[in-house]
Amino acid sequence: MEDISRPATGGLPRRRGVLAAAVALGTTTVAGSLAGCSVPAPRRTGPTADPAPGMPIASTRRAQLMQFAAHPDDDLYFMNPDTQRMLDAGVPLVSVYVTAGEHTGRNRIAGMPDAPPDKAAYSSARHQGLRQAYATLLGLDKFTPWQRAVTTLRGGRRAEIDTLVHGGRRVELIFLNLPMHTSRRYMAVPALWHDRALELRTHLSAGSPVDRSDTYDHDQLIDVLVGLLDRYRPTVVQTLDPDPDIQIGDEATRRRDSEQPGYSDHGDHTAVACFSWAALIRWVAEAQKGPGAIPAFVATAFRGYYNRHWPKNLPPQVLGEKAAHLVPYGGDPSWQCGNPSGCGDYGVGGDRPLTNWKGWVRATHHRWPGAGPAVVTRPGERLDAYGVLGLRAVRWRETEKGSGLWGAPEDLGGGPLAPALGSATLPDGRVLLLGVRFAAFDGHGGANRREVVLLEQRSPGGPFLAWRGLGNPERGDDRGRRIGVPVAVAAPDGRVHLFVRDADKGVSTRVRATDGSWSSWRRLPGTDTGTDEVQDGLEAVVDSAGRVHLLAAGRRSVRHWIDGAPAAPLPGAGDPVAAVPGAGTDALEVYYRKPAAKELLSGRGNASFDGYGPVAAAADGAGTVLLGRDLRGRIQLRRGGRLWTRTQGTIPVQAAALRLVPDGPLAVGLGADAHPWVWRPADRAAASE
């Protein structure tokens, strides 16, 4: 997290040949003119992802979380409480910080005059703040000593690695220390993503065991990240947002909101997220070309400064926990932490995260919010679950009816895919899977393209046809990167309605006819720019009359369409809503939480289902069944006036899916070990009330 409204400078990069010579001669030639006359090194041709199915997938039951951040504190602001929940469950963490966080070198203290800039000291103070924050996350005193050492990376580069172990739990912090954004943007990580002729030199943080700088170009940074992925073999990977929303406004507002020109996030966040996803894609591609198996991991990308623009979704109890871990990160100049360069990032200390009007800490949003695995019942009443593993679609099959045991994942290909799938079941029982494919993910002037893709089952419970592209509702690669998770529903007439959030924060749709042909993309009416724009996480439901409803949480209200026509909006929600067909004259029963509220509401009032995050809903003979998270992040289910809480098993990641079967409702999700789990609350051995 950084404020780009402040002026900044940074260390000198190197353009191969020409820029290095210009710096050596002390010239003031600007980057643009140098780019025109320099001769870039040819792009390295690395392995490319193969979408064909049938690859072996690695298997492990050892959970490992790895997260990639641009700056010290990005994880605390944007990835918590998800990170905290996994640490609490004993999942080891490796957190990689790509920039040094040096900014201007001024560690500002409220009410005090600015000290002379010292980038090495400010970077060191922020690293100390992280050690303090993660010590408290492990339940230790904030000044607990860490083991600080040097780790060797791919290409012989070096980085500081700080390690703390307590009660069987382990945290490792790795600092790559590349320069962060500057007023001269060619000297920072965003330029490294775009410019193939650029090299950046790392900063040295005061007191670090790393005593020499290294240089990075575009491919070398990706290689280093791939090397770390291959070393730790994470089962959960968390990143920032590679495709932030388009955000148009005046220059004064942009600077006030600390955002890059044209988009609702910091330039370092976007660049580091792009490098992180490029590394994930290359890691998988290297595994495909070699003798090994596809690495099994679940990926989640988190929104950043997006949180400023949308309703806040964390209730007070969850927000209080999240903000509390920023207090030791911010630190205080009076603390005796043992680091001469400073005891935290003082501008973030105390109550400042909660009083900052930008409100970054008050929400946690996933870039691709899904509804959990797509779950269907195949002949023999055994379950199939579909999800994204290693950036590829996979199918898990229940070994025996009601066993809750799953076979090895079957690779369906299609990758590299965004983390969430949409699905629909045809009247004959065949499954349609829909995803967003990274059709191209190239930096330094290359294509960066997203495509909606379809996988159609050949026969119920059987194999699939080849992947098919459905294009993109947007024209142009840049706008096309902003689309959301495909959501689909099958209508009683056999048609399938597909919906996608688009670049203007409205909704676009295509319809599959009964003969398998698809209509063209069209935009739903009432979503022109300037109206109540919507968040991702759409909900599509068919009512008892066969009408197709679409609901989407907006800035001020929940938008509602019936058969493609706008209907009356509902009160605003902080997260995606859930709906089931209503009884009698009620077309739908809608469930949602107001912004920053723990209570789940319906048309009949409080649903007695306190928690946070999205919920799922379905109707059976006992009434409406609800599935979501409680205030401690545990999966909970409500049915017929009874409430169950999942207290055993692997910690869940992302959303869980709700499925109704003859024996009662069940939940299916993915755990931090990248394996599916099934929970049947009606089984006393598997649930607690």
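# Exercises on loops, strands and cores

Alanine 674 sits in the loop between strand 36 (664-671) and strand 37 (676-679). The model is a predicted one. Work through each exercise with the structure in view.

**Exercise 1. Find the sign of phi at alanine 674, then decide whether the residue is buried or exposed.**

Step 1: Start with the backbone. Phi of alanine 674 is near 65°. That is a positive value, in a residue other than glycine.

Step 2: Turn to the surface. The relative accessibility of alanine 674 is 4%. Buried means under 20%. Alanine 674 therefore counts as buried.

**Exercise 2. Do the same for glutamate 381: give its place, its phi and its exposure.**

Step 1: Glutamate 381 belongs to the loop between strand 11 (374-378) and strand 12 (382-389).

Step 2: Its phi is near 60°. Again the sign is positive and the residue is not glycine.

Step 3: Glutamate 381 has a relative accessible area of 41%. Partly exposed covers the range between 20% and 50%. Glutamate 381 is therefore partly exposed.

**Exercise 3. Describe the sheet that contains strand 36, and say which strands stand at its edges.**

Step 1: Write down the order. Three strands form an open sheet, 35-36-37, with antiparallel pairing.

Step 2: Look for the edges. Strand 35 (652-661) and strand 37 each have a single partner strand, so each has one side without a neighbour in the sheet.

Step 3: Add the twist. Ignoring direction, neighbouring strands here are turned by 25° against each other on average.

Step 4: Zoom in on one pair. Strand 35 and strand 36 are joined by seven bridges. Within this pair, leucine 658 faces alanine 667 of strand 36.

**Exercise 4. Sort the residues of strand 15 by face, then identify its hairpin partner.**

Step 1: Recall the rule. Side chains in a regular strand alternate between the two faces of the sheet.

Step 2: Apply it. Gly422 and Ala424 make up the covered face of strand 15. Ser423 and Thr425 make up the uncovered face.

Step 3: Find the partner. Strand 15 runs antiparallel to strand 16 (residues 431-441), and four bridges join the two. Glycine 422 stands opposite leucine 434 in strand 16.

Step 4: Check the turn. The two strands, 15 and 16, form a hairpin with five residues between them. Glycine 429 in the turn has a positive phi of about 95°.

**Exercise 5. Locate the cis peptide bonds before proline 81 and proline 416.**

Step 1: Asparagine 80 and proline 81 are joined by a cis peptide bond, with omega about 10°. Proline 81 is in the loop between helix 3 (74-79) and helix 4 (82-88).

Step 2: Glycine 415 and proline 416 are also joined in cis, with omega near 0°. Proline 416 lies in the loop that links strand 14 (410-413) and strand 15 (422-425).

**Exercise 6. State how many disulfides the structure holds, and why the bond is called left-handed.**

Step 1: Count. There is one disulfide. Cysteine 337 is joined to cysteine 343, with S to S 2.1 Å.

Step 2: Read the torsion. About the S-S bond of cysteine 337 and cysteine 343 it is about -85°, so the disulfide is left-handed.

Step 3: Check burial. Cysteine 337 is buried at 14% relative accessibility. Cysteine 343 is buried too, at 4%.

**Exercise 7. Map the largest nonpolar core, and name the helix with the largest share of it.**

Step 1: The largest nonpolar core has 123 residues. Tyr134, Ile174, Leu176, Leu221 and Trp277 have the most contacts inside it.

Step 2: Helix 9 (residues 267-289) supplies the largest share of this core, twelve residues.

Step 3: Another core, of 14 residues, lies apart from it; Val507, Leu524, Leu538 and Leu550 are among its members.

Step 4: Look around isoleucine 174. Beyond four places in sequence, its contacts include Val94, Val96, Ala159, Ile161 and Leu228.

**Exercise 8. Decide whether arginine 481 is buried or exposed, and list what is in contact with it.**

Step 1: Arginine 481 is in the loop between helix 13 (477-480) and strand 19 (487-490).

Step 2: Its relative accessible area is 12%. The cut-off for buried is under 20%. So arginine 481 is buried.

Step 3: Beyond four places in sequence, arginine 481 is in contact with Pro242, Asp243, Thr270, Cys274, Arg367, Asn448 and Arg450. One of these, cysteine 274, is itself buried, at 2% relative accessibility.

Methods. Residues numbered from 1 in each chain as written. Predicted model: local features only at pLDDT ≥ 70, side-chain atom pairs only at ≥ 80, totals over all residues. Heavy atoms only, no water. Buried < 20%, exposed > 50% of the residue type's maximum accessible area, 1.4 Å probe, protein only. Pairing = 2+ DSSP bridges. Core = buried A, V, L, I, M, F, W, Y, C linked by side-chain atoms within 4.5 Å. Contact = heavy atoms within 4.5 Å. Axes fitted to C-alpha atoms, helices over the stretch in contact; angles between N-to-C directions. Disulfide = S-S within 2.5 Å.
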